[in-house]
Amino acid sequence: MTILEKITAYKIKEVSAKQEAFPVALLQKSNWYQRETTSLARAIKTSSTGIIAEHKRRSPSKQNINNAVQVPDVATGYENAGVSGMSVLTDTTFFGGSIDDLAMARTAVAMPLLRKEFIIDPYQIHEAKAYGADAILLIAACLTVQQLKEFSSLAKSLQLDVLLEVHNDEELRKSLLPTVDMLGVNNRNLKTFKTSLDASKQLASVIPDDFVKISESGISTVSAIKELKTVGYQGFLIGETFMKTENPGKSAAQFLNQLQ
Ligand SMILES: O=C(O)c1ccccc1NCC(=O)[C@H](O)[C@H](O)COP(=O)(O)O
């Protein structure tokens, strides 16, 4: 079983329990469900740096990244650093995050927030909106074309931007949908957990220019960003590089200073 198969199998049970405890009709009554969102895709297009900085406590490939920092401090630090948006990992079992992390970030900052989750059910999209997200992640490897169409259309109807993540050419081909705003190439091989920017470089030329191109994972240097920009990437999702430091916001600020 791959890590994605393990995670999605767990998510099916998790979402079913959540739906019973707190149905969509209740999510729809929350204040943020009616909130006017801020487009992450637009923020990236209009920025000179395009950094999406992530809140990440741990992951299947790194057991302990940072448990000491508080979400509001990380969010405020990232916003002050001038990133284009923040990604909040909301999975608890594999990443130590929580949907409440998203709400805490929303309360602390105005910049666009991406709900980083393994979405396998429309419920999680309603939940993203209710907890203050501006954008959601969909992972091509976890979903059929029909689900990609249905989930991205639902997100757009809730004013949420869609970042669709692919790992290879085959996944990319099923992802070129008009309801997708950003196409992300994940540099992490989910079998070995090794990261290589070659994944982004190889797919760059086959992603049509109508999508905002995002390179995800394993980015740790300013020179990597400069290289990825030359092949067409506009957005860069960075987690561990910032989160492994004592002060992720300060680390993001130093990174952005070198980039500008
Ligand atoms: O990070 C992992 O180990 C991981 C394992 C399995 C599925 C997803 C995983 N990561 C999610 C992400 O996409 C990253 O958190 C994100 O791209 C940032 O990556 P990094 O900058 O390398 O922390």
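Which handedness does the β-α-β unit made by β4, α7 and β5 have? Keep that question in mind while moving through this predicted model, and begin with the region as a whole.

Select residues 4-252, the range that an unreviewed UniProt entry lists as "domain: Indole-3-glycerol phosphate synthase". Over this range the chain is 41% helix and 16% strand, and the C-alpha atoms at its two ends are 29 Å apart.

Next, show only the strands: 8 of them close into a barrel in the order β1-β2-β3-β4-β5-β6-β7-β8, with parallel pairing. From one strand to the next, the twist averages 25°. To see β1 meet β8, select residues 51-55 and 235-238, which run parallel and are joined by 3 bridges; within this pair, Ile 52 has Leu 237 of β8 as its bridge partner.

Now move to β4, residues 135-139, where 5 of the 5 residues are buried, so the strand is largely enclosed by the rest of the structure. Colouring its side chains by direction separates Ala 135, Leu 137 and Ile 139, which point one way, from Ile 136 and Leu 138, which point the other way. In a regular strand, side chains alternate between the two faces of the sheet.

From β4, look at the strand on either side. Towards β3 (residues 113-116) there are 2 bridges, and the two strands run parallel; here Arg 115 has Ile 136 of β4 as its bridge partner. Between β3 and β4 the chain passes through helix α6, residues 122-130, in a right-handed β-α-β crossover. Towards β5 (residues 161-166) there are 5 bridges, again in a parallel arrangement, and Leu 138 is partnered with Leu 164 of β5.

This brings back the opening question: the unit made by β4, α7 and β5 is right-handed. Add α7 (residues 145-157) to the selection and pick out Glu 150, which is found in this helix. Glu 150 counts as partly exposed because it has 15 C-beta neighbours inside 10 Å, a number that falls between the 12 or fewer of an exposed residue and the 20 or more of a buried one. A distance label from Glu 150 to Asp 121, which is 29 residues away along the chain, should read 10.0 Å between C-alpha atoms.

Finish at the ligand, which is surrounded by 20 residues, the closest being Ser 59, Ser 61, Ser 217, Gly 239 and Glu 240. Both β8 and α11 (240-243) supply at least two residues each to this shell, and by class the shell has 7 nonpolar, 8 polar and 5 charged residues.

Technical notes. Residues numbered from 1 in each chain as written. Predicted model: local features only at pLDDT ≥ 70, side-chain atom pairs only at ≥ 80, totals over all residues. Pairing = 2+ DSSP bridges. Helix = DSSP H or I, 4+ residues; strand = E, 2+ residues; numbered from the N terminus. Axes fitted to C-alpha atoms, helices over the stretch in contact; angles between N-to-C directions. Near = placed C-beta within 6 Å. Nonpolar A, V, L, I, M, F, W, Y, C, P; charged D, E, K, R; others polar. UniProt positions renumbered as here; feature names shortened; annotations may be inferred. Right-handed = clockwise from strand over helix to strand, strands pointing away.
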